[in-house]
Amino acid sequence: LRLGLMASGNGSNLAAIANAIAAGQLNASIAVLIYNQPEARVAQRAEQLGIPAVLLDHRAFPNRELLDAAIIQTLLQAEVDWVIMAGWMRRVTQVLIAAFPQRILNIHPSLLPSFPGLRAVEQALKAGVKISGCTVHIVELAVDSGPIIMQAAVPVWPNDTAPTLQARIQQQEHRIYPQAIALAAQQSDE
Ligand code: GRF
């Protein structure tokens, strides 16, 4: 599998996927990272890992479709067959989805369909749920929707804050995202 990662922030999921590859747990390579925030930590991580990184700053594009067209060009150039969104904080359009049908994955820090959208961890705390978690799903047009590939649950403790719950969820993200990539690829071959 040749993976193209898309990220906007910290990049801990990029690191987890790279680690799983290095450990022989995921038969894949990260062909390219696309990021949109010039200062994002994920870019430094990619450099340390020797992963080619391409900055596509959304502010340089007049609309979402033209940003997506540049993303597609970058992904095709890198000969990517799966697109892995790992904290990509922009809404994608049908342009990108149509270019990689059923081959774009996203990870979200809640048990979807609960708490889609921004600040999912805060939403879960506010709702008072006692269990939350993370979801890997195939990307469809509506935000945080599409067929679910894998989920992991974590307890929510009475004294949790957004950072403590987020950290517990992220541990599970790092565990399941590499597994979910392998599973999605296997399912699409069947
Ligand atoms: C993750 O919590 C993911 O669920 C959300 O964005 C975050 C990315 O974290 N979509 P990182 O940049 O991989 O550390």
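1. Let's start with the sheet. In this predicted model, seven strands form an open sheet in the order E3-E2-E1-E4-E5-E6-E7, and the pairing is mixed. Strand E3 (53-55) and strand E7 (148-155) stand at the edges; each has a single partner strand, so one side of each is left without a neighbour in the sheet. On average, neighbouring strands are turned by 20° against each other, direction ignored.

2. Next, have a look at the E3 edge. Strand E2 (residues 29-35) runs parallel to E3, and three bridges join the two. Leu-33 is the residue that stands opposite Ala-53 in E3.

3. Two helices are worth tracing across the strands. Helix H1 (residues 12-22) lies across strand E1 (2-7), E2, strand E4 (82-85) and strand E5 (104-108), and runs at about 170° to E2. Helix H2 (residues 41-49) lies across E1, E2 and E3, at about 150° to E2.

4. Now to the nonpolar interior. The largest nonpolar core has 53 residues, and Ala-7, Leu-33, Ile-84 and Leu-105 touch the most other members. Helix H6 gives the largest share of this core, seven residues. Leu-33, met above opposite Ala-53, is also among the contacts of Ala-7. Leaving out residues up to four places away in sequence, Ala-7 touches Leu-14, Leu-33, Tyr-35, Ala-40, Val-42, Ala-86, Gly-87 and Trp-88.

5. The ligand deserves its own stop. Which residues are closest to the ligand? They are Asn-10, Ser-12, Asn-13, Gly-87 and Pro-109, out of 15 that surround the ligand. H1, E5 and helix H6 (162-189) are the elements that give two or more residues to this shell. By type, the shell divides into six nonpolar residues, eight polar and one charged. Gly-87 also appears in the list of residues touched by Ala-7.

6. The loop between E5 and helix H5 (120-127) rewards a careful look at the backbone. Pro-113 has its place there, and a cis peptide bond with omega of about 10° joins Leu-112 to Pro-113. Phe-115 lies in the loop between E5 and H5 too, and has a positive phi of about 60° although it is not a glycine. Is Phe-115 buried or exposed? Phe-115 has 23 other C-beta atoms within 10 Å, so it is buried, the cut-off being 20 or more.

7. Finally, please check Gln-102, in the loop between helix H4 (94-99) and E5. Gln-102 is not a glycine, yet its phi is positive, near 60°. With 15 other C-beta atoms within 10 Å, Gln-102 is partly exposed.

Note on methods. Residues numbered from 1 in each chain as written. Predicted model: local features only at pLDDT ≥ 70, side-chain atom pairs only at ≥ 80, totals over all residues. Pairing = 2+ DSSP bridges. Helix = DSSP H or I, 4+ residues; strand = E, 2+ residues; numbered from the N terminus. Axes fitted to C-alpha atoms, helices over the stretch in contact; angles between N-to-C directions. Contact = placed C-beta atoms within 7 Å. Near = placed C-beta within 6 Å. Nonpolar A, V, L, I, M, F, W, Y, C, P; charged D, E, K, R; others polar. Core = buried A, V, L, I, M, F, W, Y, C linked by C-beta atoms within 7 Å. Buried ≥ 20, exposed ≤ 12 C-beta atoms within 10 Å, placed from the backbone.
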